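Got your viewer open? Load the model and follow along, one selection at a time.

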Amino acid sequence: HERTIACGTNHAISLIDLKRWDEATTFLNEVLPVARRSLGAEHDLMLKINQMLAVALSNNPVSTRDDLLEAETILQDVTPRRRRVLGPAHPATRSSVDLLSDVRAKLAETPGPATNP
């Protein structure tokens, strides 16, 4: 299953690279429950899939505030897991930290209620 999920991850990366945000979001939401059951929440590939969903949600030019809040929630979960699993200096952990900062900056510029705690 891990190899199949990895192939799905590559497909999602292609969709994101092509800026096909809605397709990437739909696909990743379909892959997530399968990956979670097969790999577990702490697996690096599972963390990568979650982060890619946050990327697709937050980079879509028509993202809503709710999309940004969902991306923030995902990253608030992924970032500490990556710190614990990979260590704070790992490039993937740094990427999660940077993306969370970017999402919070977008939320600060988007009218609406305060961000997640």
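Is arginine 94 buried, partly exposed or exposed? Select it and turn on the surface: this is a predicted model, and in it arginine 94 is partly exposed, at 40% relative accessible area.

Keep that selection and add aspartate 98. The two side chains meet in a salt bridge, 3.8 Å from N to O. They sit 4 residues apart in helix α5, about one helical turn. Aspartate 98 is partly exposed too, with 41% relative accessible area.

Now zoom out to the cartoon. You should count 5 helices and 0 strands in the chain. The radius of gyration is 14 Å against the 13 Å that the globule rule gives for 117 residues, so the chain is as compact as a globular protein of that length. Along its principal axes, the C-alpha trace spans about 40 × 30 × 20 Å.

Next, pick glutamate 72 and arginine 104. Their salt bridge has its closest N and O atoms 3.0 Å apart. Glutamate 72 belongs to helix α4 and arginine 104 to helix α5, so the pair ties together parts 32 residues apart in sequence. Check the burial as well: glutamate 72 is buried at 0% relative accessible area, while arginine 104 is partly exposed at 37%.

Last stop: select Glu42, Asp77, Arg81 and Arg84, which are linked in a network of salt bridges. Within it, arginine 84 and glutamate 42 come to 3.1 Å between their closest N and O atoms. Arginine 84 is in helix α4 and glutamate 42 in the loop between α2 and α3, so this pair ties together parts 42 residues apart in sequence. Arginine 84 is exposed, at 55%, and glutamate 42 partly exposed, at 32%.

Definitions and conventions. Residues are numbered from 1 along each chain as its sequence is written. This is a predicted model: local features need pLDDT of at least 70, side-chain atom pairs count only at pLDDT 80 or more; totals for chains, interfaces and linings use all residues. Side-chain values use heavy atoms; hydrogens and water are left out. Helices (H or I, at least four residues) and strands (E, at least two) are DSSP runs, numbered from the N terminus. The radius of gyration is taken over C-alpha atoms; the globule rule is 2.2 Å times the number of residues to the power 0.38. A salt bridge is a side-chain nitrogen of Lys or Arg within 4 Å of a carboxyl oxygen of Asp or Glu. Buried means under 20% relative accessible area, exposed over 50%, partly exposed in between (1.4 Å probe, protein chains only).
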